[in-house]
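Work through the exercises below with the sequence and the structure at hand. Try each task before reading its solution.

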Amino acid sequence: MNIATDISPTIDRVSSALQEWLATPRSMLINGDWVKAESGKNFTVYDPATEMPLASVAEGDSADIDIAVRAARHALEQGPWGRISPSERGRMIHRIGDLILENLEELAQLESLDNGKPFSVARAADVPLAADLFHYMSGWATKIEGKTIPISSLAAPGQYHTFTRSEPIGVVGQIIPWNFPLLMAAWKLGPALATGCTVVLKVAEETPLSALRLGELLLEADVPPGVVNIITGFGETAGAALAAHPDVNKIAFTGSTEVGRMIVQAASRDLKKVSLELGGKSPNIILGDADIESAIQGATDSIFFNQGQCCNAGSRLFVHESIFDQVVEGVSANAGKVRLGVGLDQDTDMGPLVSAVQHERVTEYLKSGAEEGARAITGGSAHGDRGYFVKPTVLVETNPSMKVVCEEIFGPVLVANPFKDEDAMLKEANNSIYGLAAGVWTSNIAKAHQISNQLKAGSVWINCYHVFDAAVPFGGYKQCGWGREMGQAVLSNYLETKAITARIS
Ligand code: NDP
């Protein structure tokens, strides 16, 4: 690529400092230094709104993963990291959150350019939530505690003193996707640092830029060399090498269910610990007594936020038959008003999908829905002839065996179904290989809780949707993965429990 002549014109809309940053081939962060790939190769990162190059990035592979894992092992066992007090570690993590906020505008511009999402969304959600995550996790650094345990077997009272220590699990390999690039990096790095682990982070090939900028902020926060190593490269090479590396103690992965299975297979060779955050096909349920205006807005946002590229998107809408037509009309009217455009344009409500691959995947689903008899009330096709845009779509007249109903689309496509009988609806809502999230809209709070208890989902939102907080655990039932992100719950992903028994008399 000739970065000077072929670069996407959208770059003109960002600060000159960021333009210069983008024009410089980006290296990987290994052992505190910015380094090129061992192979010398780079790959091009594209702007999904224009399909034109944005930046050139090092193409890390198994050789670079190996060097990064060695750096992480050294940092864990011989570097200053293990000697830093928990409160100093906490302050360092807090400082990362502060630095993210200090660079909010620039990070939001970068995220919008790279992923395609509206700048306003990156500025209001992705970047501040990433900062929040580090701020929240900084508090845990001083609260990683064990227990004292009174034991009975073989022991006269008082003969032994038994206690547990919670120790960092070790060198962690983390593999993240492209839908919330900076936020996913924060979700992974925050708890790993709070628990005292060291990390090799493999970022998505589509959206590596904000994590590389975050790497610069980690150095500014004085995170010691080797504690966080950031590798850019492809899943089949760099990602697979990380998942299989014999000196990695744990893999934390977010992405597709298919690759999640590959990670488990690769990790099984040496029985690494694994946590997984995978797909979803979440039900959003509107009862007949719901506040209809807020339910319509909630249903709209639950599926179209982030171009529908959310694992927890409310992609299956169940509406009581008494208000079905009104709700579908309302959501479709909202969808029709959505302004598609370049993320950095002020009046853009929805950007492009992240890549040509994702665009093809989503439009194939739209074709299959039409072939199987689903009817599009609005949308139903790609938009424009440049950029990976898809029109926000509402499908009706579906049945549970259709691909659009049972498979994760990961695009702005809602499947709406009327229901009469609540029990039958709940059975259908739970009829999925996934169980990540769900929404319930009703003015009957007792009913809302009864339904929440019956839903097989890791998150249930009542009269709201997409409400995330660093303090609240997130993850799913069934094939959504293993373990939880965020909250106190995530810490166990990164800790080993050691029981120590001392004979004291
Ligand atoms: P992937 O699961 O392929 O990508 C997620 C991450 O895994 C990326 O960093 C990717 O690298 C890496 N990866 C890919 N193959 C391997 C491998 N063999 N070993 C180790 N790491 C690997 O998701 P896609 O980007 O292909 O998206 C496909 C579908 O996955 C979406 O349509 C959606 O349904 C789902 N998805 C779910 C997400 C979630 O939040 N749970 C997020 C993103 C996607 P690289 O980028 O180089 O491919």
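**Exercise 1.** In this predicted model, which kind of contact do the side chains of D66 and R70 make?

*Solution.* Start with the two side chains: D66 and R70 meet in a salt bridge, with 3.2 Å from N to O. A salt bridge is counted when a side-chain nitrogen of Lys or Arg is within 4 Å of a carboxyl oxygen of Asp or Glu. Next, find the pair in the sequence. Because D66 and R70 are four residues apart in helix 2 (residues 62–77), about one helical turn separates them. Finally, count over the model: the rule gives 19 salt bridges.

**Exercise 2.** Describe the surroundings of the ligand, from the shell of residues down to single atoms.

*Solution.* Step one is the shell. The ligand is surrounded by 28 residues, and the closest are W178, E205, G235, S256 and E408. Step two is to sort the shell by class, which gives 14 nonpolar, eight polar and six charged residues.

Step three is to look for polar contacts, where the cut-off for a pair of N or O atoms is 3.5 Å. An oxygen atom of the ligand lies 3.4 Å from a polar side-chain atom of N179. For A240, a polar backbone atom is 3.4 Å from a nitrogen atom of the ligand. In the side chain of Q358, an N or O atom is 3.2 Å from an oxygen atom of the ligand.

Step four is coverage. On its own the ligand has 860 Å² of accessible area, and the protein covers 91% of this. Step five is to ask which elements give two or more residues to the shell. These are helix 8 (235–244), strand 10 (250–254), helix 9 (257–268) and helix 12 (356–371).

**Exercise 3.** How many cavities of 30 Å³ or more does a search of the whole structure find, and what lines the largest cavity?

*Solution.* First, the principle: rolling a probe the size of a water molecule over the atoms shows where empty space is left. The search finds five cavities of 30 Å³ or more.

Then take the largest cavity, which has a volume of about 90 Å³. Its lining has 13 residues, and G308, A313, S315, I409 and F410 lie nearest its centre. By class, the lining of the largest cavity holds seven nonpolar, four polar and two charged residues.

Last comes the second largest cavity, with a volume of about 60 Å³. The second largest cavity is lined by 14 residues, with P283, A429, Y434, G435 and K456 closest to its centre. Six residues of this lining are nonpolar, four are polar and four are charged.

Definitions and conventions:
Residues are numbered from 1 along each chain as its sequence is written. This is a predicted model: local features need pLDDT of at least 70, side-chain atom pairs count only at pLDDT 80 or more; totals for chains, interfaces and linings use all residues. Side-chain values use heavy atoms; hydrogens and water are left out. On a 1 Å grid over the protein atoms alone, a cavity is a set of points where a 1.4 Å probe fits but cannot get out, and a pocket is an open set with protein on both sides within 12 Å along at least five of seven lines; lining residues have an atom within 4 Å of a point. Grid points are joined across faces, edges and corners, and a volume is the space filled by probe spheres set on the points. Ala, Val, Leu, Ile, Met, Phe, Trp, Tyr, Cys and Pro count as nonpolar, Asp, Glu, Lys and Arg as charged, and the others, Gly among them, as polar. A residue is near a molecule or strand if one of its heavy atoms lies within 4 Å of it. A polar contact is a pair of N or O atoms within 3.5 Å; within protein, one must be able to donate a hydrogen and the other to accept it, and residues adjacent in sequence count only if both atoms are side-chain atoms. Accessible areas come from the Shrake-Rupley method with a 1.4 Å probe; for residues, only the protein chains shown count as cover.
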